[in-house]
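This briefing goes through side-chain contacts and ligand surroundings, grouped by topic. Please keep the sequence and the structure in view while reading.

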Amino acid sequence: PPSALVVLAAGSGRRVGAGTNKALLPLAGRPVLAWSLHRTAGATWCARTVVVARADELDEVAAVVAAADPRPGPVDVVAGGASRHASEAAALTVLADDVAAGRVQVVVVHDAARPLADAALFDAVVGAAARSGGAVPVVARHDLVPVEGPWDGGHPLALADVGSVQTPQAFAARPLLAAYTSAARDGFEGTDTAACVERYGGGGAVVAVPGSRRNLKVTFAGDLPVAAALLGG
Ligand code: CTP
Ligand code: MG
């Protein structure tokens with residue numbers, strides 16, 4: 001289905017500690033953000049792209065987008081907000097008319113901080129979201145153990161249910177926009193898109209698709225050389 005890609009690059013990258021937004025840091029010859037756009041340059045589902053930037057980095061991000069691979073449709077660079085949720089809400093506002101008119105039926109949300117997500121993963125979440133209402137990549141976490149503590153009422157976690165959720169995440173567009181409208185009314189902010197969609201429902205189930213261990217997120221400084229090695233090899 002005709003879909004929109006939202007790439008979130010409006011953070012500050014504080015934990016990387018480079019003194020600048022990690023989305024703009026160089027990685028294997030191009031900015032992290034350029035890699036995060038690269039794998040969808042040939043996506044037939046991508047009718048348009050919205051890149052969300054910090055208000056004080058709009059020009060810099062627009063320059064990265066202009067120098068990146070040509071996109072399969074128009075690209076907007078818009079100012080984000082103080083949180084990931086707020087940045088996403090800004091992108092959804094831009095898409096509202098296309099969603100209402102049915103020109104955008106699925107919205108794919110991707111963190112610029114994941115430069116290694118490959119085309120197959122994007123295709124998988126778009127396809128699954130078109131069938132179910134929403135899809136998120138999940139990888140099992142075998143390095144976590146059940147811990148008893150006050151945060152879970154003393155009950156061990158069900159280890160089989162523990163996984164890490166990645167981006168790209170894809171959702172049926174109309175329920176997604178409705179969820180963010182409801183969230184704005186309530187002042188609710190989820191940690192990711194799925195959290196908001198699951199809270200407000202209305203769009204069918206959010207299903208898990210197999211994530212990829214290569215699809216690492218650049219969070220700390222040590223993640224950059226790992227990402228560079230994966231991109232080079
Ligand atoms: N993001 C955003 N707007 C915000 C905060 C985050 O668009 N106000 C984006 C980031 O650019 C990133 C993604 O959300 O691509 C995931 O967030 P995170 O990894 O936390 O990135 P930062 O917030 O930039 O990093 P940090 O938390 O270390 O400052
Ligand atoms: Mg953050």
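Arg103 has a relative accessibility of 48%, so this residue counts as partly exposed, the limit for exposed being over 50%. The model is a predicted one, and Arg103 makes a useful starting point, for its partner in a salt bridge is Asp98, with the closest N and O atoms 2.7 Å apart. Asp98, in turn, counts as buried at 15% relative accessibility.

**Salt bridges**

- The structure contains nine salt bridges, one of which joins the side chains of Arg48 and Asp76 at 2.7 Å from N to O.
- Arg48 belongs to strand 4 (residues 46-53) and Asp76 to strand 5 (residues 75-79), so that this salt bridge connects distant parts of the chain, 28 residues apart.
- Arg48 is buried, its relative accessible area being 12%, whereas Asp76, at 27% relative accessibility, is partly exposed.
- A network of salt bridges links Arg48, Asp76, Asp98 and Arg103.
- Another salt bridge is formed by the side chains of Asp111 and Arg84, at 2.9 Å from N to O; here Asp111 lies in strand 6 (residues 106-111) and Arg84 in helix 3 (residues 84-100), distant parts of the chain that are 27 residues apart.
- Asp111 counts as buried at 11% relative accessibility, while Arg84 is partly exposed, with a relative accessible area of 24%.

**Aromatic pairs**

- Two aromatic pairs are present in the structure, and in the pair of Trp45 and Phe122 the ring centres are 6.3 Å apart with the planes at 20°; because planes under 30 degrees apart count as stacked, this pair is stacked.
- Trp45 sits in the loop between helix 1 (32-38) and strand 4, and Phe122 in helix 4 (residues 119-132), which places the two rings in distant parts of the chain, 77 residues apart; both Trp45 and Phe122 are buried.
- Phe188 and Tyr200 also form an aromatic pair, this one edge-to-face, with 6.0 Å from centre to centre and 75° between the planes.
- This pair likewise links distant parts of the chain, with Phe188 in the loop between helix 5 (173-186) and helix 6 (193-200), Tyr200 in helix 6, and their positions twelve residues apart.
- Phe188 has a relative accessible area of 19% and is therefore buried, the limit being under 20%, whereas Tyr200, with a relative accessible area of 22%, is partly exposed.

**Charges over rings**

- The charged end of Arg30 is placed over the ring of Trp35, at 4.4 Å from the ring centre.
- Arg15 lies over the face of Phe220, and its distance from the ring centre is 5.9 Å.

**Surroundings of ligand 1**

- Ligand 1 is surrounded by 18 residues, the closest of which are Leu8, Gly13, Arg14, Ser87 and Lys217.
- Through its backbone, Leu8 places an N or O atom 2.8 Å from an oxygen atom of ligand 1, and a polar backbone atom of Arg15 is likewise 2.8 Å from an oxygen atom of ligand 1.
- Ser87 contributes a polar side-chain atom, which lies 2.7 Å from a nitrogen atom of ligand 1.
- On its own, ligand 1 has 560 Å² of accessible area, and the protein covers 88% of this area.

Methods
Residues are numbered from 1 along each chain as its sequence is written. Chains are lettered from A and ligands numbered from 1 in the order in which they are written. This is a predicted model: local features need pLDDT of at least 70, side-chain atom pairs count only at pLDDT 80 or more; totals for chains, interfaces and linings use all residues. Side-chain values use heavy atoms; hydrogens and water are left out. A salt bridge is a side-chain nitrogen of Lys or Arg within 4 Å of a carboxyl oxygen of Asp or Glu. Helices (H or I, at least four residues) and strands (E, at least two) are DSSP runs, numbered from the N terminus. Buried means under 20% relative accessible area, exposed over 50%, partly exposed in between (1.4 Å probe, protein chains only). Rings of Phe, Tyr and Trp (its six-membered ring) pair if their centres lie within 6.5 Å; planes under 30 degrees apart count as stacked, over 60 as edge-to-face and the rest as tilted. A charge sits over a ring if NZ of Lys or CZ of Arg is within 6 Å of the ring centre and within 35 degrees of the ring normal. A residue is near a molecule or strand if one of its heavy atoms lies within 4 Å of it. A polar contact is a pair of N or O atoms within 3.5 Å; within protein, one must be able to donate a hydrogen and the other to accept it, and residues adjacent in sequence count only if both atoms are side-chain atoms. Accessible areas come from the Shrake-Rupley method with a 1.4 Å probe; for residues, only the protein chains shown count as cover.
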